[in-house]
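Q: Please take a close look at one part of this structure, the loops that flank its strands, and then set that part in the context of the whole chain.

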Amino acid sequence: MKYELVHWQDIKKDMKIYEDSDNNNGFVFGVNLLDEDSNEVVDVQWFKSEQERAEFVWHSRRARG
């Protein structure tokens with residue numbers, strides 16, 4: 001599994017969401033989980049802090065060995 005760090009502001013721009021009030025309910029730090037062969041996004045996880053996101057990635061990598 002590969003991981004791509006994303007931020008809600010960038011997703012908003014890509015999706016052409018121009019409302020300043022749209023902050024994904026505070027979940028602004030994301031991780032795209034990518035298929036290793038196709039690099040396609042297979043799952044997305046959102047977090048309220050960079051630390052929570054970093055811990056998720058660390059634990060996910062450790063669990064995979």
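A: N25 counts as exposed, because its relative accessibility of 66% lies over the 50% cut-off for that class. This value, like the others here, comes from a predicted model. N25 is found in the loop between α1, which covers residues 8-14, and β2, and although N25 is not a glycine, its phi is positive, at about 55°.

A positive phi is also found at N39, where the angle is about 60° and the residue is again not a glycine. N39 belongs to the loop between β2 and β3. With a relative accessibility of 42%, N39 counts as partly exposed, since that class covers values between the 20% limit for buried residues and the 50% limit for exposed ones.

The strands on either side of the N39 loop are themselves paired: β2, made of residues 29-34, runs antiparallel to β3, and six bridges join the two. One of the residue pairs involved is L34 with V41, the latter being the bridge partner in β3. In general, the strands of a sheet are paired by hydrogen bonds of the backbone, in either a parallel or an antiparallel manner.

The pairing of β2 with β3 is part of an open sheet of three strands, ordered β1-β2-β3, in which the pairing is antiparallel. The edges of this sheet are taken by β1 (2-7) and β3 (41-47), each of which has a single partner strand, so that one side of each is left without a neighbour in the sheet. From one strand to the next, the twist averages 25°.

Seen from the whole chain, these loops and strands fit into a sequence of elements that runs β-α-β-β-α from the N terminus on, with two helices and three strands in the protein chain. The C-alpha trace spans about 40 × 25 × 10 Å along its principal axes. Of the 65 residues, 25% count as buried, and the accessible surface of the chain comes to about 4900 Å², with 46% of it belonging to carbon and sulfur atoms. Among contacts between residues at least 6 apart in sequence, 42% join residues that are at least 24 apart. As for charge, the protein chain has 9 positive and 14 negative charges, and the mean positions of these two groups are 4 Å apart.

Technical notes. Residues are numbered from 1 along each chain as its sequence is written. This is a predicted model: local features need pLDDT of at least 70, side-chain atom pairs count only at pLDDT 80 or more; totals for chains, interfaces and linings use all residues. Side-chain values use heavy atoms; hydrogens and water are left out. Two strands pair if DSSP finds at least two bridges between them. Helices (H or I, at least four residues) and strands (E, at least two) are DSSP runs, numbered from the N terminus. Axes are lines fitted to C-alpha atoms, for helices over the stretch in contact, and angles run from 0 to 180 degrees between N-to-C directions. Buried means under 20% relative accessible area, exposed over 50%, partly exposed in between (1.4 Å probe, protein chains only). Contact means heavy atoms within 4.5 Å. Accessible areas come from the Shrake-Rupley method with a 1.4 Å probe; for residues, only the protein chains shown count as cover. Lys and Arg count as positive and Asp and Glu as negative; His and the chain ends are not counted. The place of a charge is taken as NZ of Lys, CZ of Arg, CG of Asp or CD of Glu.
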